[in-house]
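These entries record what I looked up in one protein structure. I turned to aromatic residues, then to a helix pair, and then to the chain as a whole.

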Amino acid sequence: MEPPASPRRVTIVDVARHAQVSTTAVSKVLRNAYGASPEMRAKVRRAIDELGYRPLAAARGLRGQTYTIGVMLPDIRNPFFPEILDGVTGCLRDTDYQVLLGPGCNGEKEEARVTEAMIDRGMDGLVLVAPVSSRARLEHVASIVPTVVVGRHGHSPVYDTVADDDMAGAALVVGHLAALGHRRIAHIEHHETDPTRIAEMPNAQRADGYRQAMRDLGLTGGIDVVSTSYTQQGGYEGAQQLLARPDRPTAVFAGADIVAMGVLEAVAEAGLSVPADLSAAGYDNTTFAALGPISLTSVDQAGAEMGRNAARLLLERIADRGKPSVQVKLSPTLVVRRTTASPPR
């Protein structure tokens with residue numbers, strides 16, 4: 001017995017016959033081109049829905065567009081990055097564009113592999129979230145495909161950027177803790193050695209903002225920075241170091257909410273409690289920061305708004321590759337919750 005034949009893929013010819021229009025008319029509707037009346041668009045769209053027609057991405061690519069946007073996320077475990085993704089997808093919801101994800105894995109080689117794969121597949125534009133690649137590498141990618149860089153400072157004539165004012169965000173945390181009466185305020189930063197990344201990455205700017213705010217408040221002697229990583233394990237290890245100090249801090253500013261989770265774990269393991277023994281604050285205002293049992297004080301850098309701005313800028317750059325580059329910097333706010341209080345007496 002012969003196996004049943006595979007169902008034939010619906011073609012543009014089928015759509016044209018079903019809608020009783022020409023294939024040229026269907027093509028105009030698919031490309032949103034000039035010359036198709038509202039009535040014709042309605043007939044073609046109805047035929048597409050009834051037949052379940054899906055245009056081949058490869059064929060669309062040969063015509064100049066695949067209607068796909070590549071989004072590179074550095075760490076899919078960090079709960080802040082999905083908020084940026086929500087903003088991107090929300091902005092593109094009423095367009096023909098589809099978002100495809102790629103993990104950058106916080107490494108230059110991994111980022112290069114992902115971005116090259118996206119370019120090879122003809123994606124119309126890229127959103128790179130907190131990339132660690134060199135400026136030269138980012139500009140090379142942007143010279144090939146429209147690119148927006150999110151969560152990284154600096155300026156380039158060939159790609160747009162969207163970032164938070166990380167210096168101001170750090171100052172909000174330090175000012176809040178100092179107003180509560182804390183003088184020994186420590187900071188857990190992400191270890192960085194590359195000069196360009198030190199100048200452009202949010203983690204470095206938050207650390208600089210912390211130091212500057214401490215100096216501005218006359219707390220220079222209380223500056224205490226531990227360098228680990230922006231992970232839960234990094235927060236755990238950093239807190240262990242701080243709790244082992246002979247004159248341990250009364251408050252910790254973790255550079256990211258995921259780091260603050262590690263701080264809370266280390267404090268509980270040491271038989272202490274937050275905020276009675278140690279106040280803790282994070283950065284990102286992720287969804288779990290607002291959970292009742294956690295209730296983490298955190299800086300809100302409006303991740304969804306960052307994503308919406310990134311998608312908007314990318315659509316503008318796809319439409320006009322030669323437009324001047326744009327740098328969007330958002331103003332953060334502090335969300336105070338139960339992990340911060342006056343220091344113990």
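**Entry 1: Aromatic residues**

I began with phenylalanine 80, which has a relative accessibility of 4% and therefore counts as buried, the cut-off being under 20%. The model is a predicted one, and I read every value with that in mind. I then looked up phenylalanine 81, whose relative accessible area is 11%, so this residue is buried as well.

Next I asked how many aromatic pairs a search of the whole structure finds. The search returned 3 of them. I noted two for this notebook.

For a ring pair I record the distance of the centres and the angle of the planes, because these describe it. Phenylalanine 80 and phenylalanine 81 form one such pair, with 6.1 Å from centre to centre and 55° between the planes. I entered this pair as tilted.

The other pair I noted is formed by phenylalanine 253 and tyrosine 283. Here the centres are 6.4 Å apart and the planes differ by 35°, and this pair too is tilted. I then asked in which strands the two residues lie. Phenylalanine 253 is in strand β8 (residues 251-254) and tyrosine 283 is in strand β9 (residues 279-283), so the pair ties together parts that are 30 residues apart in sequence. I checked burial for phenylalanine 253 and tyrosine 283 and found both buried.

**Entry 2: Helices α1 and α3**

I looked up how helix α1 (residues 12-19) packs with helix α3 (residues 38-51). Their axes are 9 Å apart and make an angle of about 120°. The angle lies outside the 65 to 115 degrees of a roughly perpendicular pair and is not over 145, so α1 is oblique to α3. I recorded the crossing of α1 and α3 as right-handed.

I then listed the residues that meet. From α1 these are Asp14, Val15, His18 and Ala19. From α3 they are Lys43, Val44, Ala47, Ile48, Glu50 and Leu51. Sorted by class, this contact of α1 with α3 has 6 nonpolar residues, 3 charged and 1 polar.

**Entry 3: The whole protein**

Finally I recorded the overall figures. I counted 13 helices and 12 strands in the protein. Taken along the principal axes, the C-alpha atoms fill a box of roughly 80 × 50 × 40 Å. The protein has 345 residues, and buried residues make up 50% of them. I also looked up contacts between residues at least 6 apart in sequence, and 68% of these join residues at least 24 apart.

Note on methods:
Residues are numbered from 1 along each chain as its sequence is written. This is a predicted model: local features need pLDDT of at least 70, side-chain atom pairs count only at pLDDT 80 or more; totals for chains, interfaces and linings use all residues. Side-chain values use heavy atoms; hydrogens and water are left out. Axes are lines fitted to C-alpha atoms, for helices over the stretch in contact, and angles run from 0 to 180 degrees between N-to-C directions. Helices (H or I, at least four residues) and strands (E, at least two) are DSSP runs, numbered from the N terminus. Angles under 35 degrees count as roughly parallel, over 145 as roughly antiparallel, 65 to 115 as roughly perpendicular and the rest as oblique. A crossing is left-handed if the near helix is turned anticlockwise from the far one by less than a right angle, and right-handed if clockwise. Contact means heavy atoms within 4.5 Å. Ala, Val, Leu, Ile, Met, Phe, Trp, Tyr, Cys and Pro count as nonpolar, Asp, Glu, Lys and Arg as charged, and the others, Gly among them, as polar. Rings of Phe, Tyr and Trp (its six-membered ring) pair if their centres lie within 6.5 Å; planes under 30 degrees apart count as stacked, over 60 as edge-to-face and the rest as tilted. Buried means under 20% relative accessible area, exposed over 50%, partly exposed in between (1.4 Å probe, protein chains only).
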